[in-house]
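I opened a fresh page for this structure and jotted down each thing as I looked it up. Here are my notes, in the order I made them.

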Amino acid sequence: MDSEDDMHDADDLDSLDDQFYSGYAALGSDDGDEYDFVDNVSDGAEESTSHRQQQNYTILSDADIRLRQEEDISRISTVLSILRSEACILLRHYNWSVSRVHDEWFANEDHVRKVVGLLENSSEMQRTRELTCGICFENYPRDRMTSAACGHPFCHTCWRGYISTSISDGPGCLMLRCPDPSCGAAVGQDMIDLLATHEDKEKYSRYLLRSYIEDNRKTKWCPAPGCEFAVEYIIGSGSFDVCCNCSYGFCWNCTEEAHRPVDCDTVAKWILKNSAESENMNWILANSKPCPKCKRPIEKNQGCMHITCTPPCKFEFCWLCLGSWSEHGERTGGFYACNRYDAAKQEGAYDESERRREMAKNSLERYTHYYERWATNQSSRQKALSDLHSMQNEKFLLFQLEKLSDQQSQPESQLKFIIEAWLQIVECRRVLKWTYAYGFYLPEHEHAKRQFFEYLQGEAESGLERLHQCAEKELQIYLDAQIPMNDFNDFRTKLAGLTSVTRNYFENLVRALETGLKDVGSSNNQATCSKSSSSKSLGSKAKGGKSKATGNSSKSAGPSRSMDDSNLWSCDHCTYANPKSTRTCQMCEHHR
Amino acid sequence: MSTPARKRLMRDFKRLQQDPPAGISGAPHDNNIMLWNAVIFGPDDTPWDGGEATVVVLGTAVAEGGELPPKASPLLEVVRLMPASRLGGTFKLTLQFTEDYPNKPPTVRFVSRMFHPNIYADGSICLDILQNQWSPIYDVAAILTSIQSLLCDPNPNSPANSEAARMFSENKREYNRKVREIVEQSWTAD
């Protein structure tokens, strides 16, 4: 019964995953939610935080969790007229869903009792003065023996050992049954409290608490290290982004760091790729050749073609043709125009490995391009975050005090624009970072989409760079020296203006990505598209000033990469993107 | 020195001696009660029991309950004492216990060469009560009895020996022939 339900719920989640988030809120209002900040600046934002919480998700502290758990148990216990320990076992069995327990119980109480191990009528142990323990086979007086509701007697020592073993085996202890294999009577927390050691009782209660969050489909622990909060999320309420009280923002669906507007699948693939050994392999393929004798990969670091492998191999060979050096020289007519190489190439002997090496190199270069930018934006964001925090702590307060002492007509909220600018920068860096991951997985042949995407990305990025520079460098000037008020007002206008302009660009970008770039047609536009460099110039020259737009369009790939298939599949082994027509990976020969 | 595990093992041994189930015997090592040797005889009326056999010793046929020539091996002594004149497979096992007994099962391995869908090449046994379905109520007699009934009641769905499992499902005759082979081998091995 359980498994059916599991399937059903899993389907729900999957279908939501495929949808793009509806009701996406404007970027600006997000900034306020994400971080704990100094009270004097946070008024409007705090309201929006609690508003968001009511809508979408709730943060639960340790005390909240306990309270809810107790309430649920009490409710079931009262409605079904059973003991609290029995209610607890029942709830745990049905993943803490009160409604499910009600449904199942009233549908078929006997079946439920049997499955869960709650006997209808509890039997007592035999009424003799002495009983034999079923585990150690010793005889003890009746009062030193205990049984579960089934009446099978065991001595206290054996119970303690049994429970202890079960608890140290892990959360399975929550489903503990009578030691007798033919009997399924459940052993609940009341018996644990009676018979177990103090440590074991603690462990058991800790497992019970964890189970309340982990087994319940609606709740998850916050993935931030050291954070004790849990998040309850109402499935079906739009965006998966939640923000914990510890100020860590994450995607509830995949529990990775918040990655709007890119979807969870892409994120998972990207993270895998970053960590995979595949890149090492690709690098080795692209930049090294195996020694003909011992097969170890060799990277050429000098000009000469005469290679000597390291001991113990010490084989000498020609880098170009991988032939033994002793056979080289006069017969093959020299090193750089290694005749044997040309002849062999004509015969087609080296084509396969050369082609693979070529492809690996291209693939690697392309990946490096995107990864570099993803990583740079990541570190840039970290720096911006720390700047923000320092701003909120010491320097900012000092600054405020300075300014206030100068001018009475300068209320604190006037300086809110600086905080807003930094929050905007942090959020935009995050979005920009994930758009690089998106760009990597955008199919090569979708030229129109790619152009559009890179155009939007370029606009957004150039805006962000200007904003970041202004906030970083120009603010520094005002912090260090005494500047007249007029200039400061100008600065404020400029910074606020940049903030809202950047926000617009990013909203455009995010909206476009979330609709899958539907505004642009797919591969049927190929005839009209030109090389990506034209969109490059469009993006960078339209706005003056420093811009990094040149960095974000992909280089056109080598001729070996032109693919007409509309689908690519990603190899499980090395994550190389292969055309659909192939059944084995072109890079590592792994079967699909 | 007497831990709950050891006490319980002594109990098991006593029980095994006083009330031995059919076709099963076992005893701990002299100096180590945590390590046991056991022998399981193939269940009657199965290919594992080897069918009727006449015991031939040094060219002389020996009747049931009859006189044994001198220098007979201990195995023949066992044979003489057995009520039936059948000579089934005698399969040797070791059981390694820990201080967690009886809350944790022992590690049981066949020493004799076996051909069975649920027995690995190294002699380990794939049996539920020895893993997740273990209960502290089971004792040595119960373990050995379960293994004995596993012999003629394999579970081809969790094959440890894929060849045996396949043969069992597809070619019973061949399977039985192989079983008889290892039964015969078990007599000679020591």
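**Entry 1, a serine.** I started with S363(A) and asked myself: is S363(A) buried or exposed? S363(A) counts as buried because its relative accessibility is 9%, below the 20% cut-off. I note for myself that this is a predicted model. S363(A) sits in helix α14 of chain A, which runs over residues 351-406. Setting aside neighbours within four places in sequence, I found S363(A) in contact with N282(A) and Y576(A).

**Entry 2, another helix.** Next I looked at α15 of chain A, residues 416-441. Helix α15(A) has 26 residues and spans 38 Å from its first C-alpha to its last, close to the 38 Å expected at 1.5 Å a residue. How many residues of α15(A) are buried? I got 23 of the 26, so I wrote "mostly covered" beside α15(A).

**Entry 3, the cores.** Which residues touch the most other members of the largest nonpolar core? That core has 54 residues, and my list reads I76(A), L90(A), C133(A), W159(A) and I163(A). Several elements of chain A supply at least two residues each, including α4 (62-80), α5 (84-93), β5 (154-155) and α8 (156-168). The biggest giver is α10(A), with 6 residues. I then followed up W159(A): not counting residues up to four places away in sequence, W159(A) touches T146(A), S147(A), A148(A), F154(A), P179(A), V187(A), M191(A) and L195(A). Apart from the largest core lies another one, of 47 residues, and W374(A), W434(A), Y436(A) and L517(A) are among them.

**Entry 4, a lysine in a loop.** I found K218(A) in the loop between α10 and β6 (219-221) of chain A. K218(A) counts as partly exposed because its relative accessibility is 44%, which falls between the 20% and 50% limits. Leaving out neighbours within four places in sequence, K218(A) has contacts with V231(A), E232(A), Y233(A) and W252(A). I also checked I234(A), which is 16 residues from K218(A) along the chain, and their C-alpha atoms are 6.7 Å apart.

**Entry 5, over to chain B.** The unreviewed UniProt entry carries the annotation "active site" for C126(B). Where is C126(B) found? I located C126(B) in the loop between β6 (107-110) and α3 (140-152) of chain B. C126(B) has a relative accessibility of 28%, so C126(B) counts as partly exposed. Beyond its neighbours within four places in sequence, C126(B) is in contact with N118(B), Y120(B), S158(B) and A160(B).

**Entry 6, cysteine pairs.** How many disulfides does the structure hold? I counted 0 over all chains. Why is C158(A) not bonded to C155(A)? Their sulfurs are 3.4 Å apart, and that is too far for a bond because the cut-off is 2.5 Å. C158(A) is buried, at 13% relative accessibility. C222(A) is in no disulfide either, with the nearest cysteine sulfur, in C227(A), 3.6 Å away. I noted C222(A) as buried too, at 5% relative accessible area.

**Entry 7, chain A overall.** I finished with totals. Chain A has 18 helices and 15 strands, and 45% of its 592 residues are buried. Looking at chain A contacts between residues at least 6 apart in sequence, I saw that 57% join residues at least 24 apart. The accessible surface of chain A is about 30000 Å², with 50% of it belonging to carbon and sulfur atoms.

Notes:
Residues numbered from 1 in each chain as written. Chains lettered and ligands numbered in written order. Predicted model: local features only at pLDDT ≥ 70, side-chain atom pairs only at ≥ 80, totals over all residues. Heavy atoms only, no water. Expected span 1.5 Å × (residues − 1). Buried < 20%, exposed > 50% of the residue type's maximum accessible area, 1.4 Å probe, protein only. Core = buried A, V, L, I, M, F, W, Y, C linked by side-chain atoms within 4.5 Å. Contact = heavy atoms within 4.5 Å. UniProt positions renumbered as here; feature names shortened; annotations may be inferred. Areas by Shrake-Rupley, 256 points an atom, 1.4 Å probe, with all protein chains shown as cover.
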